[in-house]
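Student: I should like to take a close look at one part of this predicted model, namely the pairing of charged side chains. Could you please go through that topic carefully and then place it in its surroundings?

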Amino acid sequence: LNNKILAGIAATAFLALAACSTQKGPATEAVTAAEAALATVREEASRFLPSDLQGVEASVSALKAQLASKDYKSVLANAPALMTSINSLTDATSARKAAVEAATAEWSTLSADVPQMAAAIQSRLDTLAKSKRLPKNLSQASYDSAKAGYESLKGTWDAANAAAAAGDPVDAV
């Protein structure tokens with residue numbers, strides 16, 4: 001009877017070992033595929049979406065740790081979600097890159113035009129401030145509103161210039 005029990009235990013252990021070894025190859029391939037997919041987007045993602053990249057890199061590290069601990073079943077279960085995350089990161093990085101390129105082009109125009117417009121507004125406000133009376137079609141409330149709007153414009157423009165100087169044309173625009 002003891003020999004039969006020992007033989008059963010040995011057979012069970014052999015089957016478990018065989019099942020693990022059949023999962024090792026696919027699990028290793030899943031981790032390799034995830035690392036390769038992330039490598040293709042890593043450089044641009046680090047530039048355009050660094051915090052998103054950190055999250056995906058942490059997931060890849062967790063998957064590698066599962067592989068190292070021979071938890072092949074978990075690797076195979078978690079790999080599809082990780083690949084979805086990597087694909088989402090790739091799409092988001094492409095979208096952010098396109099937005100930055102468009103904003104950079106728009107910033108070139110704005111950085112030339114807005115200072116000229118602001119100077120023209122300031123000049124007109126200065127002229128109105130020096131006159132003894134406001135024109136008939138301009139009330140004091142409208143003039144005060146225009147001055148407040150100009151001050152707001154200056155503050156917004158300063159913030160936009162700071163964002164552009166910091167390398168974020170999307171926020172600048």
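Tutor: The side chains of Glu35 and Lys64 form a salt bridge, with a distance of 2.9 Å from N to O. Glu35 belongs to helix H1 (residues 2-48) and Lys64 to helix H2, so this pair ties together parts that are 29 residues apart in sequence. Glu35 is partly exposed, its relative accessible area being 30%. Lys64 also counts as partly exposed, at 40% relative accessibility. As a general point, side chains of opposite charge can pair when their charged atoms come close.

A salt bridge also joins the side chains of Glu57 and Arg42, at 2.8 Å from N to O. This pair links distant parts of the chain, for Glu57 is in helix H2 and Arg42 in helix H1, 15 residues apart. With a relative accessibility of 26%, Glu57 counts as partly exposed, and Arg42 is partly exposed with a relative accessible area of 34%.

How many salt bridges are there in total? The count comes to five. One of them is formed by Arg96 and Asp168, whose closest N and O atoms are 3.4 Å apart. Arg96 lies in helix H3, while Asp168 lies in the loop between helix H4 (140-165) and helix H5 (169-172), so the pair ties together parts that are 72 residues apart in sequence. Arg96 is partly exposed, with a relative accessible area of 27%.

Is Asp168 buried or exposed? The cut-off matters here: a residue is buried when its relative accessible area is under 20%. Asp168 has 19% relative accessibility and therefore counts as buried. Apart from its neighbours within four places in sequence, Asp168 is in contact with Arg96 and Ala163.

Ala163 leads to helix H4, where the buried residues are Tyr143, Tyr150, Trp157, Ala160 and Ala163. The parts that cover these buried residues of H4 include H3 and H5. Helix H4 itself has 26 residues and reaches 37 Å from its first C-alpha to its last, which is close to the 38 Å expected at 1.5 Å a residue. After H4 comes Gly167, whose phi is positive, near 90°.

Let us return to the helices of the two pairs described at the start and consider the nonpolar side chains. The largest nonpolar core has 22 residues, and those with the most contacts inside it are Leu38, Leu82, Ile86 and Leu89. Helices H1, H2 and H3 each supply at least two residues of this core. Which helix gives the most to the core? It is H1, with nine residues. Leu82 shows some of the contacts in detail: leaving aside neighbours within four places in sequence, Leu82 is in contact with Ala34, Val56, Ser59, Val60 and Leu63. Another core lies apart from the largest one; this second core has six residues, among them Trp107, Trp157, Ala163 and Ala172.

Leu67, in helix H2, is a further residue to examine. Leu67 is buried, with a relative accessible area of 18%. Leaving aside neighbours within four places in sequence, Leu67 is in contact with Ala27, Thr28, Val31, Tyr72 and Val75. Leu67 and Lys24 are 43 residues apart in sequence, yet their C-alpha atoms are 8.2 Å apart in space.

Beyond the end of helix H2, Lys70 lies in the loop between helix H2 (50-68) and helix H3 (72-130). Lys70 has a positive phi of about 60°, although it is not a glycine. At 60% relative accessibility, Lys70 counts as exposed.

Finally, you should consider how much confidence the prediction carries. The mean pLDDT of the protein is 85, and 88% of its residues reach 70 or more. Confidence is lowest in H1, at a mean of 72, and highest in H2, at 95. Over residues 13-20 the pLDDT is below 50, and this stretch has one contact in the model beyond near neighbours in sequence. Where pLDDT is low, the predicted coordinates should not be read in detail.

Technical notes. Residues numbered from 1 in each chain as written. Predicted model: local features only at pLDDT ≥ 70, side-chain atom pairs only at ≥ 80, totals over all residues. Heavy atoms only, no water. Helix = DSSP H or I, 4+ residues; strand = E, 2+ residues; numbered from the N terminus. Buried < 20%, exposed > 50% of the residue type's maximum accessible area, 1.4 Å probe, protein only. Salt bridge = Lys/Arg side-chain N within 4 Å of Asp/Glu carboxyl O. pLDDT = per-residue confidence, 0-100. Contact = heavy atoms within 4.5 Å. Core = buried A, V, L, I, M, F, W, Y, C linked by side-chain atoms within 4.5 Å. Expected span 1.5 Å × (residues − 1).
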